[in-house]
Amino acid sequence: MDKYVLAFAPIEPITMNPIIRELMAINGARLVYRPKILPQHLLKAPNWQYWAKIKKISQVRTPSGESIYDGIQIIARPGDPIKKAVKYIDNYASKFGIQYIDLNFCCPGYKVLPKRRGGDLLKDPDSVIQVISEAIKFTNLPISIKIRKGFLNSDTPQNLCYRLSKEFGDNLAWIAINRAPVKMDDVDFSLIKKDFKPFQEAIAGVEGKIPIVANGSIETYQDIYAVKENVKVNGFMIGRAALGNPSIFHAILDSNPIEKSEGDGDNIKINLKFEELFKIITKYQYGPSGRFCSMGEIKKILFYYIKHSYESQKKQLPAGYGFSKWNNQRFDSKSLVKALFKVFPTISEETWKKWIYPFFTK
Ligand SMILES: Cc1cc2nc3c(=O)[nH]c(=O)nc-3n(C[C@H](O)[C@H](O)[C@H](O)COP(=O)(O)O)c2cc1C
């Protein structure tokens with residue numbers, strides 16, 4: 001068992017993409033998520049993407065041989081049909097490869113908050129407790145939650161975590177906590193990266209009864225090292241940084257990552273294993289997930305690598321390689337190879353051809 005539980009953060013709509021889910025898992029992310037859904041939507045559209053169309057990941061293993069936990073995320077408030085939804089999930093869990101139910105108390109979406117869901121519930125801890133109580137009562141699956149430090153930047157998660165440990169103890173599988181608040185208007189993200197207080201307060205609150213998974217702007221060796229040095233979290237959840245560089249999960253398990261940062265500054269060594277990526281894409285090419293292997297989808301995945309690679313070297317993206325230009329530009333296999341050789345010149349054109357041509361050259 002690895003010292004830290006590693007999670008790939010839910011990022012909609014990427015959370016649906018089987019290539020990315022598997023890529024994160026084989027790099028060490030033991031917890032992966034499916035897209036969030038309201039209980040009432042789940043009950044209305046039970047055969048939609050959340051079920052049959054999401055590729056089971058139960059056969060995949062982390063580098064240390066552990067099986068993957070694949071969860072579904074519910075975004076609910078008191079009064080929603082939580083009981084019916086979790087019972088429904090229970091019935092189909094093994095068929096569709098679902099191992100846990102996560103409850104979202106963190107979403108800051110401008111359409112979500114006025115409906116009193118997601119992060120808005122952090123304003124009213126009673127409503128958080130109510131939603132969890134109902135879910136726990138009617139499922140045999142583990143229940144986890146995802147929160148933020150609070151609704152406002154001045155809030156602390158300590159009292160909520162204390163109440164959660166008193167109410168649920170180890171019936172709550174883990175709490176993933178994003179150290180940013182729900183209301184981010186006045187937030188300076190350079191300070192958030194150095195802020196361990198939300199993690200410390202959550203740990204103090206749960207008194208060792210519920211595992212705490214740290215999330216939010218963890219991108220570099222320095223960030224990982226700083227969290228490890230300052231707080232005793234049980235796990236790390238990485239979102240955006242893993243998209244451009246899935247090897248960040250290996251970096252977390254390194255016993256002394258700071259040594260690794262010497263020479264290449266603050267950044268995790270760019271270890272872009274394209275071979276690994278294309279192997280997974282090949283696997284899904286002809287099955288029901290084939291739509292994730294289109295030129296457009298592969299371009300999207302490669303964009304994360306391009307962005308990460310340039311930003312982490314503090315270099316500007318080449319002209320014409322911004323997100324919207326890259327995604328709107330039409331490529332054929334030849335021009336895509338040329339473009340990739342331009343952005344990753346350390347990989348030969350021949351190698352790019354070897355990876356790209358089999359997909360798009362008839
Ligand atoms: C585009 C986008 C979509 C997201 N969707 C979800 C979601 O559906 N559910 C959720 O709990 N968090 C969602 N998040 C938040 C992430 O899970 C994570 O908490 C956040 O990105 C901070 O982690 P990071 O700095 O490692 O990316 C989303 C974040 C982004 C950027």
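The dialogue below walks through several features of this predicted model, from helix faces to a pocket, aromatic rings and backbone angles.

Me: Where should I begin with a helix such as H5, and which of its residues are buried?

Reply: Since the model is predicted, every value here is computed from its atoms, and a helix is a convenient place to start. Helix H5 spans residues 158-168, and its buried residues are Leu160, Cys161, Leu164, Ser165 and Phe168. Because these residues cover an arc of only 135° around the axis, they sit on the same side of H5.

Me: What covers the buried residues of H5, and what follows the helix?

Reply: The cover includes helix H4 (125-137), strand S5 (143-148), strand S6 (172-178) and helix H7 (197-206). H5 is followed by Gly169, whose phi is positive, near 50°. A little further on, Asn171 lies in the loop between H5 and S6, where, leaving aside neighbours within four places in sequence, Asn171 is in contact with Ile136 and Ile143. Its C-alpha atom is separated by 13 Å from that of Ile129, a residue 42 places away along the chain.

Me: How would I read helix H15 in that way, and which of its residues are buried?

Reply: In H15, which covers residues 333-343, the buried residues are Ser333, Leu336, Val337, Ala339, Leu340 and Val343. Seen down the axis, they fall within an arc of 165°, so they line one face of the helix. On the other side of H15, Lys334, Lys338 and Lys342 are exposed, whereas the buried residues pack against helix H13 (295-312), helix H14 (323-328) and H16.

Me: What is the volume of the largest pocket, and which residues are closest to its centre?

Reply: A pocket can be read by its volume, its lining and the elements that supply that lining. The largest pocket here has a volume of about 630 Å³. Its lining comprises 31 residues, of which Pro10, Ile11, Lys146, Arg148 and Asn178 are the closest to the centre. The elements that give two or more residues to this lining are strand S2 (31-37), S5, strand S8 (235-238) and helix H9 (240-244). By class, the lining has 16 nonpolar, eight polar and seven charged residues.

Me: How many aromatic pairs does a search of the whole structure find, and how do I judge the geometry of one?

Reply: The search finds 15 aromatic pairs, and each can be described by the distance between ring centres and the angle between ring planes. The rings of Tyr88 and Tyr92 have their centres 4.8 Å apart and their planes at 35°, so this pair is tilted. Both tyrosines lie in helix H3 (residues 82-96), four residues apart, about one turn of the helix. Tyr88, at 17% relative accessibility, counts as buried, whereas Tyr92, at 29%, counts as partly exposed. Trp352 and Trp355 form an edge-to-face pair, with 5.3 Å from centre to centre and 80° between the planes.

Me: Where do Trp352 and Trp355 lie, and are they buried or exposed?

Reply: They are three residues apart in helix H16 (residues 349-360), and so separated by about one helical turn. Trp352 counts as buried at 0% relative accessibility, and Trp355 is buried as well, with a relative accessible area of 10%. Both belong to one aromatic cluster, together with Phe274, Phe278, Tyr305, Phe344 and Phe359.

Me: Which backbone values would you look at in the loops?

Reply: Most residues other than glycine have a negative phi, and most peptide bonds are trans. Against that background, Ser217 has a positive phi of about 55° although it is not a glycine. Ser217 lies in the loop between strand S7 (212-215) and helix H8 (221-230), and with a relative accessible area of 11% it is buried. Not counting residues up to four places away in sequence, Ser217 touches Arg179, Phe189, Ile192, Lys193, Asp223 and Arg240. Arg116 also has a positive phi, near 60°, and is found in the loop between strand S4 (100-105) and H4, but at 41% relative accessibility Arg116 counts as partly exposed.

Me: Which residues does a cis peptide bond join?

Reply: A cis peptide bond joins Glu12 and Pro13, with omega about 0°, and Pro13 is found in the loop between strand S1 (5-8) and helix H1 (18-26).

Conventions:
Residues are numbered from 1 along each chain as its sequence is written. This is a predicted model: local features need pLDDT of at least 70, side-chain atom pairs count only at pLDDT 80 or more; totals for chains, interfaces and linings use all residues. Side-chain values use heavy atoms; hydrogens and water are left out. Buried means under 20% relative accessible area, exposed over 50%, partly exposed in between (1.4 Å probe, protein chains only). The arc is that of the directions from the helix axis to the C-beta atoms. Contact means heavy atoms within 4.5 Å. On a 1 Å grid over the protein atoms alone, a cavity is a set of points where a 1.4 Å probe fits but cannot get out, and a pocket is an open set with protein on both sides within 12 Å along at least five of seven lines; lining residues have an atom within 4 Å of a point. Grid points are joined across faces, edges and corners, and a volume is the space filled by probe spheres set on the points. Ala, Val, Leu, Ile, Met, Phe, Trp, Tyr, Cys and Pro count as nonpolar, Asp, Glu, Lys and Arg as charged, and the others, Gly among them, as polar. Rings of Phe, Tyr and Trp (its six-membered ring) pair if their centres lie within 6.5 Å; planes under 30 degrees apart count as stacked, over 60 as edge-to-face and the rest as tilted.
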